[in-house]
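Here are a few exercises to work through with the model open beside you. Try each task before reading its solution.

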Amino acid sequence: MTESYEDYEREYNASLSRIRSFLAGTRSRVTLQECERLLGQAKKHATAMQGLAEVEGNPMKIKEAQQRLERDVAPLAREVSRALQESGGGGGREELFYQAPGRDGNSGLSRDMESLIGSSEDMLRESLALTMETEQIGNATIGQMTRQREQLEGANANALRTRQIAEQAASVLSDMGRKAFRNKAFLYFMIAILIVGNLWAFIRLLKK
């Protein structure tokens, strides 16, 4: 099912809430790796929100989605990276004084591994769903751009037809003006002939 902007926003907020709760508690290497996975999910959700906002043509949502990465995700990513570096730095000391774990330690490690495997499977499923969603958004965007291109081509064709009609109308008006000028000139010529003829007739009457 296609998710909406609000669905991705809820998932984004849920991921950030889990990251903050992990960072506020005991920062083990397993929880920090889970924080990295959740950060990846949050980035994908923010990217999906930005894509949906661009399809809707909503500038406020586009700006908000872009700001989420800088305002929320980037500081948490730096904190997780710093905590992982500190955890890695303490790893040599733990290996130097390593003791074989008991049954409880093995069971805890097994649970952590199962949790990581389950999280990886969830991340793969979510990545696949996000990929399909992104493909749908891309197809919708391409379809919208195709329709806009067709509209622009139609508008261009209408403009060309209008220009041709205007040129034809201008040619017709020019022909009509030339014909009117010729008719007016012929009319003036006939009037002049009639005036001359009347004057000649009037002069002949006076001579008689």
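Buried means under 20% relative accessible area, exposed means over 50%, and partly exposed lies in between, with a 1.4 Å probe and protein chains only. This is a predicted model, where local features need pLDDT of at least 70, side-chain atom pairs count only at pLDDT 80 or more, and totals for chains, interfaces and linings use all residues. Residues are numbered from 1 along each chain as its sequence is written, and side-chain values use heavy atoms, with hydrogens and water left out.

**Exercise 1. Describe the overall fold and surface.**

Step 1: Start with the helices and strands, which are DSSP runs numbered from the N terminus (helices: H or I, at least four residues; strands: E, at least two). The protein has five helices and zero strands, giving the pattern α-α-α-α-α along the sequence.

Step 2: Turn to burial and surface. Of the 208 residues, 20% are buried. The accessible surface is about 15,600 Å², and carbon and sulfur atoms account for 59% of that; areas come from the Shrake-Rupley method with a 1.4 Å probe, and for residues only the protein chains shown count as cover.

Step 3: Look at contacts, meaning heavy atoms within 4.5 Å. Taking those between residues at least 6 apart in sequence, 77% join residues at least 24 apart.

**Exercise 2. Decide whether histidine 45 and glutamine 50 are buried or exposed, and list what they touch.**

Step 1: Place them. Histidine 45 is in helix α2, and glutamine 50 is also found in helix α2, which covers residues 29–56.

Step 2: Apply the cut-offs. Histidine 45 counts as buried because its relative accessibility is 8%. Glutamine 50 has 18%, so this residue counts as buried too.

Step 3: List the neighbours, leaving out residues up to four places away in sequence. Histidine 45 then touches Tyr8, Glu11, Tyr12 and Ser15, while glutamine 50 touches Ile62, Ala65 and Gln66.

**Exercise 3. Work through the salt bridges.**

Step 1: Recall the idea: side chains of opposite charge can pair when their charged atoms come close. The criterion here is a side-chain nitrogen of Lys or Arg within 4 Å of a carboxyl oxygen of Asp or Glu. The whole structure yields 14 salt bridges.

Step 2: Take arginine 10 and aspartate 7, whose closest N and O atoms are 2.2 Å apart. The two are three residues apart in helix α1 (residues 5–24), so about one helical turn separates them. Arginine 10 is exposed at 52%, whereas aspartate 7 is partly exposed at 21%.

Step 3: Compare with glutamate 56 and lysine 61, bridged at 3.7 Å between the closest N and O atoms. Glutamate 56 is partly exposed, with 48% relative accessibility.

Step 4: Go on to glutamate 64 and arginine 68, where the corresponding N and O distance is 2.8 Å. About one helical turn lies between them, because they are four residues apart in helix α3 (residues 59–89). Glutamate 64 is partly exposed at 30%, but arginine 68 is buried at 4%. In addition, shared partners link Arg27, Glu79, Arg82 and Glu86 into one salt-bridge network.

**Exercise 4. Which residues form a nonpolar patch with Leu187?**

Step 1: Locate leucine 187, which sits in helix α5 (residues 103–207).

Step 2: Apply the patch rule: residues with over 30% relative accessible area and no salt bridge, with like charges joined within 9 Å and nonpolar side chains (Val, Leu, Ile, Met, Phe, Trp, Tyr) within 5 Å.

Step 3: Read off the members. Tyr188, Ile191, Ile195 and Leu199 join Leu187 in this surface patch, with about 510 Å² of accessible area together.
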